[in-house]
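Trainee: Hi! Could you walk me through the aromatic rings here?
Mentor: Happy to. Let's look at it together.

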Amino acid sequence: MKITFLLTQSLESPSGLGRYWPVAKELHRQGHEVTILALHHDFGALAERRFTREGVRVWYVGQMHVRKVGSEKFYFKPLPLLWVVARATLALLWAALRVPTDIYHVGKPQPMNGVAGVMAHWLRRKPLYLDCDDYEAGSNTFGGMWQRRVVAFFEDWLPRFARGITVNTHFTERRLAALGYPVERIAYVPNGVDRERFAEAALESPQTLRRSLGLEGKRVALYLGSMSLANHAVDLLLEAFVRVRARDPQAVLLLVGGGEDLAVLQAQARALGLDDAVRFVGRVPPEQAPRYYRLAAVSIDPVRADDAAAARFPLKIVESWAVGVPVITGDVGERVALLAEGGGMLVPAGDADALAEAIVRSLSAQVPVAQDLRGRYYWEQLAVTWAAVYASPADKECIV
């Protein structure tokens with residue numbers, strides 16, 4: 001089968017790295033011909049826009065709706081944004097019409113790839129599938145209410161055209177069912193780990209990196225993810241770490257990642273007196289991320305009890321488990337079921353005191369992650385469930 005993905009982000013983004021790229025590789029290994037048509041966070045600086053990697057054809061065709069350079073993220077103003085969106089939509093559509101395919105799979109229900117996917121579906125009479133890996137209207141940063149309303153419309157409207165829908169949380173599964181979409185067309189496929197990327201990191205010693213970051217003799221708690229307060233409560237983690245540091249002077253918080261609120265969080269750390277207790281590393285190349293997990297006694301997924309958290313399957317949890325590092329997170333959404341069998345600690349979402357207590361306990365007595373739990377979320381297994389959505393009976397047609 002020839003499968004074409006339409007993405008609004010690069011393969012280095014959290015969704016690209018933790019979902020679309022590894023599933024594309026595994027689908028290729030199952031015998032499918034896979035093409036990824038994607039937008040890039042810094043399209044103008046790309047030296048190579050078309051290539052084939054590990055059997056998967058990748059075409060970057062335009063600029064995504066935000067620009068990322070180093071650890072910084074920049075949002076376009078309304079008029080330039082409309083121009084970027086129009087060009088990207090046309091570029092995705094033009095590429096989709098040129099690539100030989102049997103099906104289209106839209107990754108994230110957003111306007112640019114959504115319009116391109118639906119138009120290509122109509123013009124070429126090819127089945128359309130949709131992946132929902134987040135609550136787009138509830139977890140993104142918007143320049144105005146009109147932008148949120150546009151994204152919300154597409155998020156609710158695009159499933160009408162999909163023969164099958166893949167989701168990574170039961171929250172999204174229930175949300176789609178409440179909107180009237182048939183549950184038999186929805187397949188639950190959680191986020192997973194690229195075994196090869198983490199296997200390579202396991203061969204390296206973490207000592208050189210530990211020394212370079214001044215972590216020798218320290219007990220390290222790690223947050224690896226976006227520095228975006230719209231959907232990642234890193235500010236809550238900093239508040240909690242004031243209490244951790246008061247009880248454990250050798251504790252250090254390692255923050256790895258970039259985003260639009262990086263400077264805000266750095267200022268908060270200074271204001272809280274955490275200059276010596278926090279290391280801001282910034283965004284690192286995807287292949288280096290496993291090295292940072294290996295520095296930690298515990299990794300942390302700080303959340304508040306809101307729909308943005310409930311709709312997200314935290315990649316950082318299963319990645320941390322892949323190197324045997326336990327996780328602390330809040331009791332909301334998929335996290336409750338994920339932590340039910342061990343692998344870390346659940347705390348009340350949004351509770352800085354409870355989060356601090358859990359960090360102190362984990363730093364003093366690390367509990368290993370069970371081997372069977374570590375291996376449950378590799379993509380070679382999850383891709384089998386993903387591919388099954390394409391084998392659904394032909395009579396399970398879309399609504400329109």
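Trainee: So how many aromatic pairs are there?
Mentor: The count is 12 aromatic pairs, where rings of Phe, Tyr and Trp (its six-membered ring) pair if their centres lie within 6.5 Å. Planes under 30 degrees apart count as stacked, over 60 as edge-to-face and the rest as tilted.

Trainee: Why is the pair of Phe-5 and Tyr-20 called tilted?
Mentor: Their ring planes meet at 50°, so the pair is tilted, with the centres 6.4 Å apart. Phe-5 is in strand 1 and Tyr-20 in helix 1 (residues 14-29), 15 residues apart, so the pair links distant parts of the chain. Helices (H or I, at least four residues) and strands (E, at least two) are DSSP runs, numbered from the N terminus.

Trainee: Are those two buried or exposed?
Mentor: Both Phe-5 and Tyr-20 are buried (under 20% relative accessible area; exposed is over 50%, partly exposed in between, with a 1.4 Å probe and protein chains only).

Trainee: What about Phe-153 and Phe-154?
Mentor: They make an edge-to-face pair, 5.5 Å centre to centre with 85° between the planes. Phe-153 is partly exposed because its relative accessibility is 47%, while Phe-154, at 12%, counts as buried. Both belong to one aromatic cluster with Trp-122, Trp-157 and Phe-161.

Trainee: New topic: how far can I trust this?
Mentor: This is a predicted model: local features need pLDDT of at least 70, and side-chain atom pairs count only at pLDDT 80 or more, while totals for chains, interfaces and linings use all residues. Residues are numbered from 1 along each chain as its sequence is written, and side-chain values use heavy atoms, leaving out hydrogens and water. The protein chain averages a pLDDT of 89 (the predictor's confidence in each residue, from 0 to 100).
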